[in-house]
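Let's take a walk through this protein together, with the fold on one side of the bench and the sequence on the other. Please have both open before reading on.

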Amino acid sequence: ESALVFPSGFQANLGLIQALVGAGDEVYVDRFSHASLVDGARLSGAKLRVYPHADADRLAELLARPFGGKRLVVTDSYFSMDGDRAPLERLIEACERAGAMLLVDEAHAFGVYGSNGRGLLHEVGLKNGKKSLAGRVTAVVGTLSKSLGSQGGFVCGSAEFIEYLVNKARTFIYTT
């Protein structure tokens, strides 16, 4: 519905995660996620929890534990180092069951996968007869520096959510 451009994809992830969670919250990070997602989780002040790579079942087990704060799951959609994909549908389902937020970083899939380069969320959704899975996640992040050969990063989400980031994401506020 809306988007916000940051100076880099790294800054988009840092600002986004820090705007969503803080002390008393938890961030669940795929073991092979990009450094910007790990650093964003660490800098947020939330408890960092690493789950085994692409293991949606283990993530679901972790999310099933009682917890009083906010929970955010972060993952790359396409893992550039190993060339494999996150189990997006299963991650979405685990987050929906637990009431957790989900951030999907499409940096290595944007411009390459999906109709018109929209990314893996779009491609996987189309293959399963759905328009897109992106509407079922809290935020989608991408970069302009890989397939587009430019500079910057972006966060996509609802108009209300993006307006929230304009006022809360420090890596946007203090670099504009």
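The paragraphs below go from helix packing to cysteines, and then to a few individual residues.

Keep in mind from the start that this is a predicted model. A good way in is through the helices. Two packed helices are described by the angle between their axes and the distance between the axes.

Begin with helix H1, which covers residues 9-20, and helix H2, which covers residues 35-44. Their axes lie 8 Å apart and the packing angle is about 30°. If you look at how one passes the other, the crossing of H1 over H2 is right-handed. On the H1 side, the contact is built from Phe10, Asn13, Leu14, Ile17 and Gln18. H2 contributes Ala35, Ser36, Leu37, Asp39, Gly40, Ala41, Leu43 and Ser44. Sorted by character, the residues of this H1 and H2 contact come out as seven nonpolar, five polar and one charged.

H1 has another partner to visit, helix H6, made of residues 159-168. Here the axes are 10 Å apart, and the angle is about 100°. An angle from 65 to 115 degrees counts as roughly perpendicular, so H1 is roughly perpendicular to H6. From H1 the contact takes Leu16, Ala19 and Leu20, while H6 supplies Phe161, Tyr164, Leu165 and Lys168. The residues of the contact of H1 with H6 include six nonpolar and one charged, with no polar ones.

Now move to helix H3 (residues 56-64) and helix H4 (residues 88-98), whose axes come within 9 Å and cross at roughly 10°. Angles under 35 degrees count as roughly parallel, and H3 is therefore roughly parallel to H4. The H3 residues in this contact are Ala56, Asp57, Leu59, Ala60 and Leu63. Facing them from H4 are Arg90, Leu91, Ala94, Cys95, Arg97 and Ala98. By type, the contact of H3 with H4 divides into eight nonpolar, no polar and three charged residues.

Ala60, which lies in helix H3, makes a nice close-up of that packing. Leaving out residues up to four places away in sequence, Ala60 touches Ala94 and Arg97. Ala60 and Arg97 are 37 residues apart in sequence, yet their C-alpha atoms are 8.4 Å apart in space.

You have just met Cys95 in the contact between H3 and H4, which brings us to a question any bench biochemist might ask: how many disulfides does a search of the whole structure find? The search turns up zero. A disulfide is a covalent bond between the sulfur atoms of two cysteines. Why is Cys95 without such a bond? The closest cysteine sulfur to that of Cys95 belongs to Cys156 and is 18 Å away, which is too far for a bond; the cut-off used here is 2.5 Å between the sulfur atoms. Their surroundings can be described too. Cys95 has a relative accessible area of 2%, so Cys95 is buried. Cys156, at 27% relative accessibility, counts as partly exposed.

From Cys156 we can hop to Val74, 82 residues apart in sequence and 15 Å apart in space, C-alpha to C-alpha. Val74 sits in strand E4, residues 71-76. Is Val74 buried or exposed? With 0% relative accessibility, Val74 counts as buried. Setting aside neighbours within four places in sequence, the residues in contact with Val74 are Ile17, Val27, Tyr28, Val29, Asp30, Ser33, Leu37, Tyr51 and Leu103. Two names in that list may look familiar: Ile17 of H1 and Leu37 of H2 also take part in the contact between those helices.

Finally, let's look at some loops. Ala54 is in the loop between strand E3 (47-51) and H3. Its phi is near 60°, a positive value in a residue other than glycine. Ala54 counts as partly exposed, at 24% relative accessibility. Asn116 likewise has a positive phi, about 60°, although Asn116 is not a glycine. You will find Asn116 in the loop between strand E7 (101-105) and H5. With a relative accessible area of 73%, Asn116 is exposed.

Our last stop is Arg136, placed in the loop between helix H5 (120-127) and strand E8 (139-143). Arg136 counts as partly exposed, at 33% relative accessibility. Along the chain Arg136 and Glu93 are 43 residues apart, and their C-alpha atoms are separated by 9.2 Å.

Technical notes
Residues are numbered from 1 along each chain as its sequence is written. This is a predicted model: local features need pLDDT of at least 70, side-chain atom pairs count only at pLDDT 80 or more; totals for chains, interfaces and linings use all residues. Side-chain values use heavy atoms; hydrogens and water are left out. Axes are lines fitted to C-alpha atoms, for helices over the stretch in contact, and angles run from 0 to 180 degrees between N-to-C directions. Helices (H or I, at least four residues) and strands (E, at least two) are DSSP runs, numbered from the N terminus. A crossing is left-handed if the near helix is turned anticlockwise from the far one by less than a right angle, and right-handed if clockwise. Contact means heavy atoms within 4.5 Å. Ala, Val, Leu, Ile, Met, Phe, Trp, Tyr, Cys and Pro count as nonpolar, Asp, Glu, Lys and Arg as charged, and the others, Gly among them, as polar. Angles under 35 degrees count as roughly parallel, over 145 as roughly antiparallel, 65 to 115 as roughly perpendicular and the rest as oblique. Buried means under 20% relative accessible area, exposed over 50%, partly exposed in between (1.4 Å probe, protein chains only).
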